[in-house]
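Here are some notes for your reading of this model. They are set out as numbered points, to be checked against the coordinates.

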Amino acid sequence: MTIEPIEGEPLRYLVQDRRGGRWHLVDLGHDAGACGCEDFEFRSTAAAALGNGPYRCKHVLAARNHLTDEVIASVKTRLDTLSQPD
């Protein structure tokens with residue numbers, strides 16, 4: 001999947017399907033994450049109606065993984081900077 005952060009909108013991404021087709025807007029700042037894909041719209045509504053926990057489609061999960069990787073890389077860089085002698 002291709003994942004593109006939306007400049008100036010933290011926690012929002014455009015995520016392209018694996019087949020290189022449609023792009024979906026993913027908002028990680030919305031509860032457990034929200035996506036504009038049909039799967040998310042259908043299953044998250046059904047999960048809520050059944051009282052199940054939040055549903056995360058593959059686009060939300062991909063954006064969360066991307067963000068996690070960015071945060072870990074940033075923390076590692078910061079730790080490396082702090083551990084270097086002056």
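Which residue in S2 is the bridge partner of Ile 3?

1. The partner of Ile 3 in S2 is Val 15. Please keep in mind throughout that this is a predicted model. The bridge belongs to the pairing of strand S1, residues 2–5, with strand S2, residues 12–16. The two strands run in the antiparallel sense and share four bridges.

2. Val 15 also has a residue opposite it on strand S3, namely His 24. Strand S3 covers residues 23–27 and pairs with S2 over five bridges, again in the antiparallel sense. S2 thus takes part in two pairings, with S1 and with S3.

3. Next, the hairpins. The one formed by S1 and S2 has six residues between the strands, and Gly 8 there takes a positive phi near 80 degrees. The hairpin of S2 and S3 has six residues between its strands as well, and in this case the residue with a positive phi near 80 degrees is Gly 20.

4. How many salt bridges are there by this rule? The count comes to three. As background, side chains of opposite charge can pair when their charged atoms come close. The pairs are taken in turn below.

5. Glu 9 is found in the loop between S1 and S2. Its salt bridge is with Arg 12, and the closest N and O atoms are 2.7 Å apart. The side chains of Glu 9 and Arg 12 are also joined by a polar contact of 2.7 Å. Glu 9 has a relative accessible area of 32% and is therefore partly exposed, and Arg 12, at 25% relative accessibility, also counts as partly exposed. For a sense of distance across the model, the C-alpha atoms of Glu 9 and Arg 56 are separated by 20 Å, with the two residues 47 apart along the chain.

6. Arg 22 forms a salt bridge with Glu 38, with 3.4 Å between the closest N and O atoms. Arg 22 sits in the loop between S2 and S3, whereas Glu 38 belongs to helix H1 (residues 38–50), so this pair ties together parts that are 16 residues apart in sequence. Glu 38 counts as exposed because its relative accessibility is 56%, and the cut-off for exposed is over 50%.

7. What separates Arg 43 and Asp 39 along helix H1? They are four residues apart, about one turn of the helix. Their side chains meet in a salt bridge with an N to O distance of 2.5 Å. Arg 43 is partly exposed, at a relative accessible area of 44%, and Asp 39 is partly exposed too, at 30%.

8. The last point concerns His 59, placed in helix H2, which spans residues 58–83. Is His 59 buried or exposed? His 59 is buried, because its relative accessible area is 3% and buried means under 20%. Leaving aside neighbours within four places in sequence, His 59 is in contact with Met 1, Val 15, Asp 17, His 24, Val 26, Cys 35 and Cys 37. Among these contacts are Val 15 and His 24, the two residues that stand opposite each other on S2 and S3. In this way the list links helix H2 back to the strand pairing described in point 2.

Terms used. Residues are numbered from 1 along each chain as its sequence is written. This is a predicted model: local features need pLDDT of at least 70, side-chain atom pairs count only at pLDDT 80 or more; totals for chains, interfaces and linings use all residues. Side-chain values use heavy atoms; hydrogens and water are left out. Two strands pair if DSSP finds at least two bridges between them. A salt bridge is a side-chain nitrogen of Lys or Arg within 4 Å of a carboxyl oxygen of Asp or Glu. Buried means under 20% relative accessible area, exposed over 50%, partly exposed in between (1.4 Å probe, protein chains only). Contact means heavy atoms within 4.5 Å. A polar contact is a pair of N or O atoms within 3.5 Å; within protein, one must be able to donate a hydrogen and the other to accept it, and residues adjacent in sequence count only if both atoms are side-chain atoms.
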